[in-house]
Amino acid sequence: VTDDGAVFLGIFRAEASERLDAIVEALISVEDGSADEDVVGSLFRQTHTIKGGASLVGLDDVRRLAHAMEHVLHDLRATGSPVSPPTTATLLRAADALREHLDGTGQPIDEVLAELAAAGSHGEAPETLVLLNGQKGVAQTASRSTVRVAAAKVDRIVELVGETGLHRQRLDRALAEDLPAGASPALAEELESGRRLLEQLRRVSLDMRMLPVSSILGPLRRAVRDLAQSAGKEVDLTVSGAETELDRALLDELSESLVHVVRNAVDHGIESPDEREAAGKPRRGLIEIRAEPRSGLVEVAVRDDGRGVAAAVVATASREQSSLAEVLTQPGFSTASGVTELSGRGVGLDAVRRSMQSIGGHLTVASESGNGTEVRLSLPLTLALLDVLLVERCGDVYGVPLANVVEAIATDGMLTNGGRIPLVDLADVIGAQAPPPPAGAPVLVVQVGDARAAVSCDRLVGEDEIVLKSLRPMLQGLRCYLGAAILGDGRIALVLDPSSLTGRPWPQAYPSSP
Amino acid sequence: VKSFDRHAASNGPTARPAEASYLRLRLGQEQYALPLADVAVVIVREELRVVPGSGEALLGVVNRRGKVLPVFDLACALSLGSAGATTRVVVVEDGDRVAGLAVKGVSGIGPLPTLEETSSAVLRGVTVVDGARIGVLDLVALLDELQESATS
């Protein structure tokens with residue numbers, strides 16, 4: 001294969017994989033009755049395009065599968081008949097086989113081909129091809145306005161924009177030293193326009209990393225369908241706010257977490273149809289996913305109308321004054337309480353909690369026994385460039401994500417709120433050995449979800465926009481840091497995971513007022 | 001050897017290290033070696049940013065070309081006790097795992113006699129040069145151990 005061939009193959013794989021996502025989503029919409037009028041036509045066009053691309057790059061099994069799917073769809077379209085459930089299932093299986101062959105892990109396809117042949121009556125190659133060729137011209141024009149770029153290149157641009165910002169800070173500092181009387185009007189104007197351009201560049205480059213939540217929904221719909229079928233349950237999935245955009249890297253974390261949460265909802269939340277009917281609920285269970293931007297964060301809520309968390313567990317949470325999420329994610333929780341129904345929920349949720357924490361997000365759970373559970377994931381829009389408040393403790397600089405800072409106060413005057421917010425020493429939280437901060441030391445109020453903590457440090461340095469550098473993989477075990485940042489003066493700031501500041505147990509509780 | 005850069009060396013017309021070359025390291029009284037293929041570069045140890053809450057083998061992090069490089073005390077990681085003052089940092093790479101190993105110094109580059117088996121998990125084997133035992137490090141096992149030790 002020539003270099004060009006390898007590039008085309010890569011592009012074809014990426015495009016075909018997206019088309020397959022769309023095909024699977026459309027087939028599932030046929031199954032749950034929410035399909036568009038033109039669903040058969042759009043499925044036909046998608047498979048036709050995959051077939052064309054596959055023959056160009058010489059993936060013969062992919063081409064044959066796509067061709068056979070296309071035939072079934074062509075006949076359906078010609079007769080205008082609805083897609084029957086067995087045909088939908090066959091097409092889904094064929095889509096799975098096609099994906100395996102795209103990934104190069106495919107099994108022999110004869111069986112699937114035979115199944116497809118049985119599903120549709122065989123005719124000659126569809127005449128609509130001519131018409132489609134006409135449409136293909138349109139599609140190609142449209143696709144020329146988008147460019148496929150390796151994600152690593154986009155990341156590199158964002159990184160360079162961050163470095164350019166750092167360079168700009170150093171330049172400003174050097175200029176201020178060289179020109180104590182200030183820059184000339186012409187120079188000042190140029191500097192200002194440079195600053196504006198850099199700001200625009202920053203926004204545009206960050207925007208390139210953003211993808212809508214809808215881009216991860218295909219596999220999720222599929223997971224719900226498969227899980228519900230194997231558990232003998234009937235489940236509908238509705239999604240709102242799918243256009244909400246998030247950084248690609250965080251979307252990956254979100255995707256994995258959502259699969260865990262949705263799996264729990266189907267396995268442990270939604271009851272069997274008979275059980276639901278007996279409880280006066282509709283036979284079909286409902287899982288709703290809602291995504292919405294919320295003050296620098298994105299909140300994704302997954303709500304099911306199933307049986308909810310057992311009342312005993314809710315009681316335990318309130319007795320221990322912990323949140324439901326804390327109780328449900330305690331290691332060994334499920335076995336200790338003997339609530340077998342919750343075992344899956346505990347294990348999966350623990351992974352979700354850790355995943356959210358590693359990106360500076362958090363998890364809350366609300367549940368009403370008998371009426372369902374709502375799991376809320378709250379995560380930052382991006383970690384590539386992050387606004388932080390820089391503080392100093394024991395001579396070192398730390399960053400706290402600005403989205404989590406409620407207020408920063410230079411005196412201890414606010415500590416008269418009845419002691420309801422625990423006061424913690426930053427050094428204690430991170431495990432640094434240091435004498436306590438002096439009286440009157442600055443305090444930040446940090447909030448994660450409903451939990452707040454007042455954190456004392458030696459000095460507030462100021463706000464900064466930083467490029468977050470990952471500590472993974474070598475230092476991924478250090479849970480209290482999101483990462484590190486290199487500051488304008490070359491120093492390294494460690495960026496704190498806000499939930500490690502508000503987490504329990506408090507190393508040192510603020511004494512309540514007498 | 002003052003400094004060494006594999007990428008720079010391989011670009012030179014003549015300076016091409018032999019297949020089974022090793023970088024020999026000094027750690028207190030002990031001698032160790034790393035396959036040259038595992039070593040990206042040897043740098044002079046700079047001031048480190050301490051990371052509170054980490055295990056004692058992690059000396060801190062340093063800004064290296066815009067990336068955050070964790071630097072470990074190799075002697076401490078090998079349970080030799082701290083080597084005391086370290087002057088050089090050997091930057092090693094295993095895929096996306098990049099770490100700096102602080103050592104007292106590097107004593108040479110060259111081939112080594114055939115290795116003998118050893119029971120140590122982080123050693124590929126041991127050999128003897130001029131009457132001195134040299135342990136050859138297994139980078140993957142060593143990084144596994146360092147990754148583990150960063151938290152405790």
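Visitor: Which helix of chain A do A:R156 and A:E159 both lie in?
Guide: This is a predicted model, so take what follows as read from that. A:R156 and A:E159 sit three residues apart, about one turn of the helix. Their side chains meet in a salt bridge, 2.9 Å from N to O. The helix they both lie in is α7 of chain A, residues 151-178.

Visitor: Is A:E159 buried, partly exposed or exposed?
Guide: Buried would take a relative accessible area under 20%, and exposed would take over 50%. A:E159 comes out at 23%, so the label falls in between: partly exposed.

Visitor: Which residue of chain B forms a salt bridge with A:E159?
Guide: Besides pairing with A:R156, A:E159 also reaches across to chain B. The closest N and O atoms there are 3.9 Å apart, and the cut-off is 4 Å, so the pair counts. The partner is B:K67.

Visitor: How many salt bridges does the rule find across the interface of chain B and chain A?
Guide: The pair A:E159 and B:K67 is a salt bridge between the chains. Polar contacts are a separate tally, with six residue pairs between chain B and chain A, both at pLDDT 80 or more. For salt bridges across that interface, the number is two.

Visitor: How much area do chain B and chain A bury between them?
Guide: In terms of contacts, 24 residues of chain B meet 23 residues of chain A. Of the area buried, 69% is on carbon and sulfur atoms. The total is about 1800 Å².

Visitor: Which residues in chain B lose the most area to chain A?
Guide: Three residues together account for 36% of what the chain B side buries. They are B:R49, B:P52 and B:V68.

Visitor: Which residues have the most contacts inside the largest nonpolar core?
Guide: In general, nonpolar side chains tend to be buried together in soluble globular proteins. Here the largest such core has 62 residues. One of its best-connected members is B:V90, whose contacts beyond four places in sequence include B:L23, B:L34, B:V41, B:A99 and B:V106. The residues with the most contacts inside that core are A:Y481, B:L25 and B:V90.

Visitor: How many residues are in the other core, the one with A:V298 and A:L390?
Guide: That core lies apart from the largest one. Its members include A:V298, A:V352, A:L390 and A:A485. The count is 54 residues.

Visitor: How many residues apart in sequence are the parts that A:R290 and A:E374 tie together?
Guide: The two side chains meet in a salt bridge at 3.8 Å, N to O. A:R290 lies in strand β4 and A:E374 in strand β7 of chain A, so the pair links two separate strands. A:R290 is partly exposed at 28%, while A:E374 counts as buried at 10%. The sequence separation is 84 residues.

Visitor: Which residues do salt bridges that share partners join into one network?
Guide: Over all chains, the rule gives 47 salt bridges. Some of them share partners and so join up, by the 4 Å rule, into one network. Its members are A:E31, A:D96, A:R222, A:R225 and A:D226.

Visitor: What is the relative accessible area of A:S456?
Guide: A:S456 lies in strand β13 of chain A, residues 451-456. Away from its sequence neighbours, A:S456 touches residues including A:R393, A:L423, A:D425 and A:P442. A:S456 counts as buried because the value is under the 20% cut-off. That value is 8%.

Key:
Residues numbered from 1 in each chain as written. Chains lettered and ligands numbered in written order. Predicted model: local features only at pLDDT ≥ 70, side-chain atom pairs only at ≥ 80, totals over all residues. Heavy atoms only, no water. Core = buried A, V, L, I, M, F, W, Y, C linked by side-chain atoms within 4.5 Å. Buried < 20%, exposed > 50% of the residue type's maximum accessible area, 1.4 Å probe, protein only. Contact = heavy atoms within 4.5 Å. Buried area = accessible area lost by both parts, 1.4 Å probe. Polar contact = N/O pair within 3.5 Å; in protein donor to acceptor, adjacent residues only side chain to side chain. Helix = DSSP H or I, 4+ residues; strand = E, 2+ residues; numbered from the N terminus.
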